[in-house]
Amino acid sequence: MNIDVRLIPNAISEKDVRDRVVVVIDVLRSCSTIATAFANGAREVIPSPDMATASRIAANMDADRFRLGGEKEGRKIDGYHLGNSPLEYTADEVENRTIVFKSTNGTDAILMGTAAKHLVTASLLNA
């Protein structure tokens, strides 16, 4: 078995992940937040490469069916429903909703792994 470890998402290319299993580990925020969103009934989490794309995705959804969530450089993004803390992703906020999510590093790492055969987000909450 070969295991490659990359500490930052920009060190990954599509060729690196194709036909492989990719595990994105972010134990403090992004992956914990995603795990919490699903545990509290979120329908799906859509990682976004940037805030403009997140806004375009959300513009095509019924306002009651989604939440914009995430952070930029550790701060909640102005105009977003939720930040990047798992504590914000309660059932009242996320149940049966789509979460359009952008974070400084986590979503970049997830998006870099989308060419993988299997992609898993991992945190201490879903270990």
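## The sheet

Two strands count as paired if DSSP finds at least two bridges between them. In this predicted model, strands E3 and E4 are joined by 2 bridges and run antiparallel. One of the bridge pairs to look for is lysine 72 with its partner in E4, arginine 75. The hairpin of E3 and E4 has 2 residues between the strands, and glutamate 73 takes a positive phi near 55 degrees there.

Now step back to the sheet as a whole. It is an open sheet of 4 strands, in the order E2-E5-E3-E4, with mixed pairing. Strand E2 (44-47) and strand E4 (75-76) are the edge strands, each pairing on one side only. Strands of a sheet pair through backbone hydrogen bonds, either parallel or antiparallel.

## Strand E3 and its partner E5

Strand E3 covers residues 66-72, and 5 bridges join it to E5 in a parallel arrangement. You can follow the register residue by residue: phenylalanine 66 stands opposite threonine 98 in E5, while arginine 67 stands opposite isoleucine 99. How many of the residues of E3 are buried? The count is 6 of the 7, so the strand is largely enclosed by the rest of the structure.

## A closer look at threonine 98

Threonine 98 lies in strand E5, which spans residues 98-102. Is this threonine buried or exposed? With 2% relative accessibility, threonine 98 counts as buried, because the cut-off for buried is under 20%.

Its side chain makes a polar contact with the side chain of arginine 43, at 3.5 Å. Leaving aside neighbours within four places in sequence, the residues in contact with threonine 98 are Arg43, Glu44, Ile46, Met61, Arg65, Phe66 and Arg67. Phe66 in that list is also the residue that stands opposite threonine 98 across the E3 and E5 pairing.

## Salt bridges

Side chains of opposite charge can pair when their charged atoms come close. There are 5 salt bridges in the structure, and three are described here.

Let's begin with aspartate 16 and arginine 6, whose side chains meet at 3.1 Å, N to O. Aspartate 16 sits in helix H1 (residues 14-17) and arginine 6 in the segment before H1, so this pair ties together parts that are 10 residues apart in sequence. Both partners are partly exposed: aspartate 16 has 24% relative accessibility, and arginine 6 has 38%.

Glutamate 14 forms a salt bridge with arginine 18, with the closest N and O atoms 2.6 Å apart. Arginine 18 is partly exposed, at 42% relative accessibility. Aspartate 108 and lysine 102 form a further salt bridge, and here the closest N and O atoms are 3.2 Å apart. Aspartate 108 is partly exposed, with a relative accessible area of 27%, whereas lysine 102 is buried at 11%.

## A nonpolar patch on the surface

Finally, turn to the outside of the model. Val21, Val23, Ile25, Val27, Leu28, Val120 and Leu124 form a nonpolar surface patch, with about 710 Å² of accessible area together. Which element gives the largest share of this patch? That is strand E1 (residues 21-25), which contributes 3 residues.

Valine 27, another member of the patch, is found in the loop between E1 and helix H2 (30-39). At 37% relative accessibility, valine 27 counts as partly exposed.

Technical notes:
Residues are numbered from 1 along each chain as its sequence is written. This is a predicted model: local features need pLDDT of at least 70, side-chain atom pairs count only at pLDDT 80 or more; totals for chains, interfaces and linings use all residues. Side-chain values use heavy atoms; hydrogens and water are left out. Patches are made of residues with over 30% relative accessible area and no salt bridge: like charges are joined within 9 Å, nonpolar side chains (Val, Leu, Ile, Met, Phe, Trp, Tyr) within 5 Å. Accessible areas come from the Shrake-Rupley method with a 1.4 Å probe; for residues, only the protein chains shown count as cover. A salt bridge is a side-chain nitrogen of Lys or Arg within 4 Å of a carboxyl oxygen of Asp or Glu. Buried means under 20% relative accessible area, exposed over 50%, partly exposed in between (1.4 Å probe, protein chains only). A polar contact is a pair of N or O atoms within 3.5 Å; within protein, one must be able to donate a hydrogen and the other to accept it, and residues adjacent in sequence count only if both atoms are side-chain atoms. Contact means heavy atoms within 4.5 Å.
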